[in-house]
Amino acid sequence: GADFTGGDDVNIPAEFSRGSFALRTGLRLAADRDLILSATRNVARDVDFPALPMDLRDDDTWLLSLRYEDRQPTGARIAWRTHLHASWVDHRMDNLLRSADSRPVDATTEAQTANWGVRTEAELERGHHRAYAGADLLIEQAEGTRQRTFLLGPKAGTTVHDNVWQDASIVKPGLFGEWHAITGSTRWIASARVEINHADAADPAEEYAAAQHDMTVTQINPGLSLGMRRQLSTVLSVGLWWGRAQRSGGLTERYINGFPVGLDRYEMLGNPALDPEVNNQVDLTLTWTPAPATRIELDGFASYLQDLISSRVLPDQAPRLPTALGVREYVNIRDARIVGFEIRWDQALGLGWRHEMTGAFSHGQDLVRDEPLSEIPPLDLRYRLIGSYQEDRLRPQLNLRHVADQDRVSTSFGEGRTPGFQVVDARVTWDIDPHWILTTGVENLLDETYYEHLTRATQGAQGHPIYSTGRNLTLMLTSRWL
């Protein structure tokens, strides 16, 4: 991939080289038993990160997966599945290809992360009842050091090393269960989970350990949910769902030591003393089909959050890299609320055309500081007009998208406002024959200059937002032989 330009021809550094190689194979051990193995190798080289102080120089990732499934066809259907997975990532970032004028420090960070996991689950089905029960274990680990060599000032020529990941690890064993039942026109679902979360840093940085009281933390996280969906009539159904989920902070939220890992150039500081985040949420869903060719779906939700894990700017703490925007520390927000909705309308128009309209909106509020929550997406409205001709072999499509301004931002988070935008895309897909598919189109037809609120867009190294792609012509030929 290469650099691209926004709608106003501003160049965005976006070069990258990526490759992926995968093997997936299966063994039928018996008529009702399968063993499936997959291995994937991902590589990346010289990937530009225009919103961050450094770029990705190289990344090498291995993903391994082994899945076993045992099905016993009896009067009560029983299945047993076990899944083992592992991943290893060797990752290096630096700023050595940045302009010397904007690089007062040479910085290189090498990091190695690893994840191992196993999940085993039994399924029992009898009549209108189905039950699941199982256990899982996930182990996460990260280590890495940043090297900084000063090029200017009184420290010119001096090299220091920052212990960024502190050889941190999290071990998470868990037990879970789920039950499904159908009674008349109502489907019931109940689930429960309990997890032990043990976090530790085997090689804590001196300055980090001095500021934190305890680097080793063990927490127990229960979760429970209950829901139902009922067909009220031939055209109307309703669903009601309640859940309480609790999670502990991740490796980044607990142990990152002055490194930019968010959506902007703030250096993030972890916090091992974070309390578990609790989400209490209710969802109400309605589905209305007044005609065979019309379907309307509405999902409204309300969420009360306790000890929400977020972050706040530390105005008195200077970043280690001069090009960073500042330092932000992970903290708990004791009480917060998020409410919102999603709506979808599908309808056939006749003459081979149908259209889809969707909308989504969320409103988040920090109830302690009485300010908006950070990183909440703005109102997003989308419209698609889709045609189908020649027995669905020729499919034209027009996409319209309107996103409102996002003025509700968190000042304590250091979040900036985002202007709204409108984008128009068009494309045509033609199935030449059963094996060849031709697709051509225009993305951002009106060449709009815009950027998303939830991307690395607050400020790039050039001092302007990281704009999305301007007008872009696409042509794709797909070969399919299955």
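A residue counts as buried when its relative accessible area is under 20%, as exposed when that area is over 50%, and as partly exposed in between. Keep those cut-offs in mind as we tour this structure, which is a predicted model.

## Two residues of strand β11

Let's start with N197, which lies in strand β11. Is N197 buried or exposed? Its relative accessible area is 2%, so N197 is buried. The side chain of N197 makes a polar contact of 2.8 Å with the side chain of R254. R254 also appears among the residues that N197 touches, once neighbours within four places in sequence are left aside. The others in that list are I170, V171, K172, V217, T218, Q219, N221 and S248.

R187 has its place in strand β11 too, which covers residues 186–201. With a relative accessible area of 39%, R187 is partly exposed, whereas N197 is buried. Beyond the residues up to four places away in sequence, R187 touches H180, A181, I182, G227, M228 and R229. For a sense of distance, look for I466: it is 279 residues from R187 along the chain, and the C-alpha atoms of the two are separated by 46 Å.

## A residue in β9 and one in β19

V160 sits in strand β9, made of residues 159–163. Its relative accessibility is 26%, which means that V160 counts as partly exposed. Which residues does V160 contact, leaving aside its neighbours within four places in sequence? They are R146, Q147, R148 and F150. F150 is 10 residues from V160 in sequence, and their C-alpha atoms are 8.6 Å apart in space.

H355 belongs to strand β19, residues 353–366. Why does H355 count as buried? Because its relative accessibility is 8%, and buried means under 20%. The side chain of H355 makes a polar contact of 3.1 Å with the side chain of Y383. Not counting residues up to four places away in sequence, H355 touches Y383 along with W345, D346, Q347, L349, R384 and L385.

## Salt bridges

How many salt bridges does a search of the whole structure find? The search finds 41. Here are three of them, with the distance between nitrogen and oxygen.

| Salt bridge | N to O distance |
|---|---|
| R193 and E195 | 3.2 Å |
| D380 and R382 | 3.1 Å |
| R401 and D380 | 2.9 Å |

D380 appears in two rows, since it pairs with R382 and also with R401. The pair of R401 and D380 links distant parts of the chain: R401 is in strand β22 (residues 394–403), D380 is in strand β21 (residues 380–387), and the two are 21 residues apart. Both R401 and D380 are buried. For D380 the relative accessibility is 13%, so this residue falls in the buried class. Its other partner, R382, has a relative accessibility of 42% and therefore counts as partly exposed.

The pair of R193 and E195 also joins a buried residue to a partly exposed one. R193 is partly exposed because its relative accessible area is 29%, while E195 counts as buried at 13% relative accessibility. This pair is part of a network of salt bridges. Alongside R193 and E195, the network links E69, R81, R119, E121, E123, E125, R130 and D136.

## Empty space inside

Rolling a probe the size of a water molecule over the atoms shows where empty space is left. In the whole structure, a search finds 4 cavities of 30 Å³ or more. Let's visit the second largest cavity, which has a volume of about 40 Å³.

Its lining consists of S310, S311, R312, I333, D366, E371, P372, L373, S374, S410, S412 and F413. Two elements give two or more residues to this lining, namely β17 (294–313) and β20 (371–372). Which element gives the most? That is β17, with 3 residues.

What kinds of residues surround this cavity? The lining divides into 4 nonpolar, 5 polar and 3 charged residues. Among the lining residues you can look for D366, and strand β19, which also holds H355, spans residues 353–366.

How values were computed. Residues are numbered from 1 along each chain as its sequence is written. This is a predicted model: local features need pLDDT of at least 70, side-chain atom pairs count only at pLDDT 80 or more; totals for chains, interfaces and linings use all residues. Side-chain values use heavy atoms; hydrogens and water are left out. On a 1 Å grid over the protein atoms alone, a cavity is a set of points where a 1.4 Å probe fits but cannot get out, and a pocket is an open set with protein on both sides within 12 Å along at least five of seven lines; lining residues have an atom within 4 Å of a point. Grid points are joined across faces, edges and corners, and a volume is the space filled by probe spheres set on the points. Helices (H or I, at least four residues) and strands (E, at least two) are DSSP runs, numbered from the N terminus. Ala, Val, Leu, Ile, Met, Phe, Trp, Tyr, Cys and Pro count as nonpolar, Asp, Glu, Lys and Arg as charged, and the others, Gly among them, as polar. Buried means under 20% relative accessible area, exposed over 50%, partly exposed in between (1.4 Å probe, protein chains only). A polar contact is a pair of N or O atoms within 3.5 Å; within protein, one must be able to donate a hydrogen and the other to accept it, and residues adjacent in sequence count only if both atoms are side-chain atoms. Contact means heavy atoms within 4.5 Å. A salt bridge is a side-chain nitrogen of Lys or Arg within 4 Å of a carboxyl oxygen of Asp or Glu.
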